[in-house]
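Student: Could you take me through one part of this model up close? I'd like to see how a single helix pair packs, and then where it sits beside the rest.

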Amino acid sequence: MDVRQTRGRRYPEPPHPYRNDYARDRDRVIHSRAFRRLEAKTQVFTVRFSDHFRNRLTHTLEVSQIARTVAGALRLNTDLAEALALVHDIGHPPFGHAGEKKLDERMRAHGERFDHNLHALRIVEQFEQRYLDFPGLNLTFEVREGIVKHSRDYDAAEYPALAEYLLDQRPPLEAQLIDLVDEIAYNTADLDDAFEARLIDFDRLRAEVPVFTAAYDDVACRHPSGSRKLKFNEALKRVLDRLATDLIENTRREIESSGVENVDDVRRAAKRLVGFSGEVAEEDAALKRYLSARVYSQPAIVEDRQRSVGQLDALFSFYLEHPERMPKFYADLARTEPPHRVVCDYIAGMTDHFLLRQCHELLGGPEPPETS
């Protein structure tokens, strides 16, 4: 995507003397309040386990690093890829995907939905207020389009409000790669954190995740006297490298065989062109199955998740019954807009710890753990 061919911003601005539009978008995301709040939102492991594990912000930075590497190797626009990587999780509510699922459940009861991608769009279009000349961050069309379309396609008939984002077309390659590099980042990072948390049965890991086993066996052969932890680190690094390298090489093959020559061709392509080869896609799927069955379902994690989401649910009910107890901005808004939507937006923006503290103060819930 040539930045000179951008469809521009919703509110026109003069060009910057030494930063292109996508670099400016990247910087606006980094300086936003919503981006900073990611530091205190759960990835998988809460501070109950350790403050060394990934949170939503450090995960985002890892996604950004892999995105720049992949985009650079494919000679794509690295500034656009980086901006999209940094903004891709900005709409996540507290407590990760479990929190998103609970908010969606509450909104469905009112005939609406909660989708973290679409919430991210609302954040950058409405909720972030930093400039005198326009609401939101006034990001370029391609970044806003990528927020919407990087991980899924939306049906135009079901989502008429998104009509401007060319729902009948594919997004540019820079947007297409984000979902895959996100997957590479969280699959390898979650395995790393689970190992640190001593939640890994090493024999079972070797039996169920062939891509890790092959890497580990080679490392162990070369470094027989090395500690298991360091051999694990090296094997995991090789797994990440294999996934990223295959993504680059297979996507390059797909681009060449498709005959696309420009972004318009990519938009009109019959399918998305970024992806793993069949062999590596199965290796990645085996790793995902292992994490789902052996890590995310661990009793300690499930208990933590259920308790946290239960408090989110209780706080939603409380504010729905007492919207005046929200901060004045949201309380006033609830008088003119559907209260359930205002409550959802307010809770979605909270950090984990702030939500737990609100539950403690308003509902008499347990005092939240100290944060470092």
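**A close look at one helix pair**

Tutor: Sure, and keep in mind that this is a predicted model. Let's start with alanine 98, which belongs to helix α5, residues 96-108. Leaving aside residues up to four places away in sequence, alanine 98 touches Arg305 and Val309. Its C-alpha atom is 9.1 Å from that of serine 308, although the two positions lie 210 residues apart along the chain.

Now for the helix pair. Helix α3 (residues 56-73) packs on helix α4 (residues 78-87) at an angle of about 160 degrees, and their axes are 8 Å apart. With an angle over 145 degrees counting as roughly antiparallel, that is why α3 and α4 are described as roughly antiparallel to each other. The crossing of α3 past α4 is right-handed. On the α3 side, the contact is made by Thr60, Leu61, Val63, Ser64, Ala67, Arg68, Ala71 and Gly72, and α4 brings Thr78, Asp79, Ala81, Glu82, Ala85 and Leu86. Sort those contact residues by type and you get seven nonpolar, four polar and three charged.

As for the rest, the largest nonpolar core has 83 residues, and those with the most contacts inside it are Val143, Leu162, Leu177, Leu191, Leu205 and Phe212. Helix α8 (residues 173-196) gives this core its largest share, eleven residues. Zoom in on phenylalanine 212 and, again skipping residues up to four places away in sequence, you'll find that it touches Leu191, Phe202, Leu205, Phe232, Ala235, Leu236 and Val239. Another core, of 21 residues, lies apart from the largest one, and its members include Phe95, Phe114, Phe316 and Ala334.

Terms used:
Residues are numbered from 1 along each chain as its sequence is written. This is a predicted model: local features need pLDDT of at least 70, side-chain atom pairs count only at pLDDT 80 or more; totals for chains, interfaces and linings use all residues. Side-chain values use heavy atoms; hydrogens and water are left out. A nonpolar core is a set of buried Ala, Val, Leu, Ile, Met, Phe, Trp, Tyr and Cys residues joined through side-chain atoms within 4.5 Å. Buried means under 20% relative accessible area, exposed over 50%, partly exposed in between (1.4 Å probe, protein chains only). Helices (H or I, at least four residues) and strands (E, at least two) are DSSP runs, numbered from the N terminus. Contact means heavy atoms within 4.5 Å. Axes are lines fitted to C-alpha atoms, for helices over the stretch in contact, and angles run from 0 to 180 degrees between N-to-C directions. Angles under 35 degrees count as roughly parallel, over 145 as roughly antiparallel, 65 to 115 as roughly perpendicular and the rest as oblique. A crossing is left-handed if the near helix is turned anticlockwise from the far one by less than a right angle, and right-handed if clockwise. Ala, Val, Leu, Ile, Met, Phe, Trp, Tyr, Cys and Pro count as nonpolar, Asp, Glu, Lys and Arg as charged, and the others, Gly among them, as polar.
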